Amino acid sequence: MSETYEVKGRIKLIGKMETIGSKGFTKRELVVTTPDEKYPQDLKIEFTKDNCAKLDGLSVGDDVTVEVNLRGSEFNGRYYVSLTGWKITTEGF
């Protein structure tokens, strides 16, 4: 079971919907810049399947709060980490 984390920041990029593989797996990437004054971070967050639609209506420059799951995997001796978004709001930030 993965932990849930919260990312707060400003939208820097909203990617286009991508379809991967023959089964029609869809994903969409979002880049959020955190508000840290000295060293802001650009975090890439992936929204998959039905969650891709949650990015519709948002714009670059919007301040958002994104709830994410931290995911990790290993492939051929290399390790990968990703942030998977499942909820995004613009109010309260």
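# Strands, core and salt bridges

Author: Let's start with β5 and β6, which pair in the antiparallel sense over eleven bridges. Keep in mind that this is a predicted model.

Reader: How do you know that β5 and β6 count as paired?

Author: Two strands pair if DSSP finds at least two bridges between them. β5 and β6 have eleven, so they pass that test. To pick out one spot, Ser73 stands opposite Tyr80 in β6.

Reader: And β4 with β6: what makes that a pair, and is it parallel or antiparallel?

Author: The sense is parallel, and there are two bridges. The cut-off is at least two, so β4 and β6 qualify as well. Along β6, Thr84 is the residue that Glu46 faces.

Reader: What is notable about phi in the hairpin of β5 and β6?

Author: Look at Asn76. The hairpin has two residues between the strands, and Asn76 takes a positive phi near 50 degrees there. Asn76 is not a glycine, yet its phi is positive.

Reader: Why is Asn76 called buried or exposed?

Author: Its relative accessible area is 66%. Exposed means over 50%, so that's the label Asn76 gets.

Reader: Which residue in the loop between β4 and β5 can be set beside it?

Author: Lys49 sits in that loop, and its phi is near 50 degrees, a positive value in a residue other than glycine. At 55% relative accessible area, Lys49 is over the 50% line and therefore exposed. Asn51 also lies in the loop between β4 and β5. Leaving aside neighbours within four places in sequence, Asn51 is in contact with Gly85 and Trp86.

Reader: On to the inside. Which residues have the most contacts in the largest nonpolar core?

Author: Leu30, Val32, Ile45, Phe47, Val66 and Ile88, out of a core of 13 residues. The elements giving two or more residues to this core are β1, β3, β4, β5 and β6. β5 gives the most, with three residues. As background, nonpolar side chains tend to be buried together in soluble globular proteins.

Reader: How do you know whether Leu30 is buried or exposed?

Author: Buried means under 20% relative accessible area, and Leu30 comes in at 0%, so it is buried. Leu30 is found in strand β3. Not counting residues up to four places away in sequence, its contacts include Ile11, Leu43, Ile45, Phe47, Val66 and Ile88. Leu30 and Lys44 are 14 residues apart in sequence, with C-alpha atoms 5.7 Å apart in space.

Reader: What does Phe47 touch beyond residues up to four places away in sequence?

Author: Among others, Leu30, Val66 and Ile88 from the core, and also Lys27, Cys52, Leu55 and Trp86.

Reader: Why is the contact of Arg10 with Asp63 called a salt bridge?

Author: Their closest N and O atoms are 2.9 Å apart. The rule asks for within 4 Å, so the pair counts. Arg10 lies in strand β1 and Asp63 in strand β5, so this salt bridge ties together parts that are 53 residues apart in sequence. Arg10 has 45% relative accessibility and Asp63 has 27%. Partly exposed covers the range between 20% and 50%, so the term fits each of them.

Reader: What makes Glu6 and Lys8 a salt bridge too?

Author: Their N to O distance is 3.9 Å, and the limit is 4 Å, so the pair is accepted. Lys8 has 36% relative accessibility and counts as partly exposed.

Reader: How many salt bridges are there by this rule, and which residues are linked in a network?

Author: The count comes to eight. The network links Lys27, Glu29, Lys44 and Glu46. Inside it, the side chains of Lys27 and Glu29 meet at 3.6 Å, N to O. Lys27 has a relative accessible area of 14%, which is under 20%, so this lysine is called buried.

Reader: Last one: which residues form a nonpolar patch on the surface?

Author: Tyr5, Leu70 and Val81, with about 300 Å² of accessible area together. Patch residues need over 30% relative accessible area. Val81, placed in strand β6, has 67%, so it clears that bar and also counts as exposed.

How values were computed
Residues numbered from 1 in each chain as written. Predicted model: local features only at pLDDT ≥ 70, side-chain atom pairs only at ≥ 80, totals over all residues. Heavy atoms only, no water. Core = buried A, V, L, I, M, F, W, Y, C linked by side-chain atoms within 4.5 Å. Buried < 20%, exposed > 50% of the residue type's maximum accessible area, 1.4 Å probe, protein only. Helix = DSSP H or I, 4+ residues; strand = E, 2+ residues; numbered from the N terminus. Contact = heavy atoms within 4.5 Å. Patch = residues over 30% accessible without salt bridge, like charges linked within 9 Å, V, L, I, M, F, W, Y side chains within 5 Å. Areas by Shrake-Rupley, 256 points an atom, 1.4 Å probe, with all protein chains shown as cover.
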